[in-house]
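Let us walk through this model one part at a time. Keep the structure in view as you read.

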Amino acid sequence: YQVRYTKKQQYLSDFFELLLTTGLKQESGQFFTPVPVAQFVIKSLPIDKMVEEKLSSAKLDNDTLLPYVIDYAAGSGHFVTEVMHVIQSLIDEKKPENYNVNVAKALKHWKDDHFKWAINYIYGIEKDYRLVKVGKVGCYLHGDGLANVIHSDGLAKYAHPDYKGKL
């Protein structure tokens, strides 16, 4: 059985959303952002310019080829999964020959192995341990599985032990 896909499987995503809305009660001020709202917010950001700026200015020894994305209240992971799809589509459009050797190599790798970059650049932080699991499952069903969904408090100081070496 294949659980991790290289692209969004709509029927799995729809099934997951149905389970999420019927099986997980929103409590104590929790509100899950609907996918269309998350998509609107993400498309309102200049992510294409940020990605291009990072790729164009990358040095040969630079490990920061893409912008970091952090959702401090990841909830069910809608912002995490949707921003990953936007960045992957931007990567797929890039022509490796237009960049330096290091960037070109990374782009070719990321085009062949979708979302492989996410483990280094995408973070979700969630205080509710149940939602951390929901966010991770959501990532798998949306074609990823490599994003970091951390069980911690998004309002904690950066010196918080859960962030050490991660953010």
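Start with helix H3, which spans residues 47-57 and has Ile47, Val51 and Leu55 as buried residues. These three cover an arc of only 60 degrees around the axis, so they sit on the same side of H3. Keep in mind that this is a predicted model.

Now turn to the face of H3 that points away from the buried side. Lys49 and Glu53 are found there, and they are exposed. What covers the buried residues of H3? The cover includes H2, helix H4 (78-93) and helix H5 (101-112).

One of those covering helices, H2, deserves its own look. Helix H2 runs over residues 35-44, and its buried residues are Val35, Ala38 and Ile42. Look down the axis of H2: the buried residues fall within an arc of 60 degrees, so they line one face of the helix. On the other side of H2 you meet Pro36, Phe40 and Lys43, which are exposed.

Next come the pockets. Rolling a probe the size of a water molecule over the atoms shows where empty space is left. The second largest pocket holds about 260 Å³ of space. It is lined by 15 residues, and Leu45, Ile47, Val69, Ile70 and Val83 are the closest to its centre. Ile47 is a residue you have met already, as one of the buried residues of H3.

Which elements build this lining? H2, H3, S1 and H4 each supply at least two residues of it. H4 gives the largest share of the lining, with 4 residues. What classes of residue are found there? The lining of the second largest pocket has 14 nonpolar residues, 1 charged residue and no polar ones.

Strand S1 leads to our last stop. S1 covers residues 69-71, and Asp71 is part of it. Is Asp71 buried or exposed? Asp71 has a relative accessible area of 14%, and the cut-off for buried is under 20%, so Asp71 counts as buried.

Asp71 has a polar partner for its side chain. A polar atom of that side chain lies 3.1 Å from the backbone nitrogen of Ala73. Which residues further along the chain does Asp71 touch? Leaving out residues up to four places away in sequence, Asp71 touches Phe79, Val80, Tyr123, Gly124 and Ile125. Find Asp71 in the structure, then trace each of these contacts in turn.

Terms used:
Residues are numbered from 1 along each chain as its sequence is written. This is a predicted model: local features need pLDDT of at least 70, side-chain atom pairs count only at pLDDT 80 or more; totals for chains, interfaces and linings use all residues. Side-chain values use heavy atoms; hydrogens and water are left out. Buried means under 20% relative accessible area, exposed over 50%, partly exposed in between (1.4 Å probe, protein chains only). A polar contact is a pair of N or O atoms within 3.5 Å; within protein, one must be able to donate a hydrogen and the other to accept it, and residues adjacent in sequence count only if both atoms are side-chain atoms. Contact means heavy atoms within 4.5 Å. The arc is that of the directions from the helix axis to the C-beta atoms. On a 1 Å grid over the protein atoms alone, a cavity is a set of points where a 1.4 Å probe fits but cannot get out, and a pocket is an open set with protein on both sides within 12 Å along at least five of seven lines; lining residues have an atom within 4 Å of a point. Grid points are joined across faces, edges and corners, and a volume is the space filled by probe spheres set on the points. Ala, Val, Leu, Ile, Met, Phe, Trp, Tyr, Cys and Pro count as nonpolar, Asp, Glu, Lys and Arg as charged, and the others, Gly among them, as polar.
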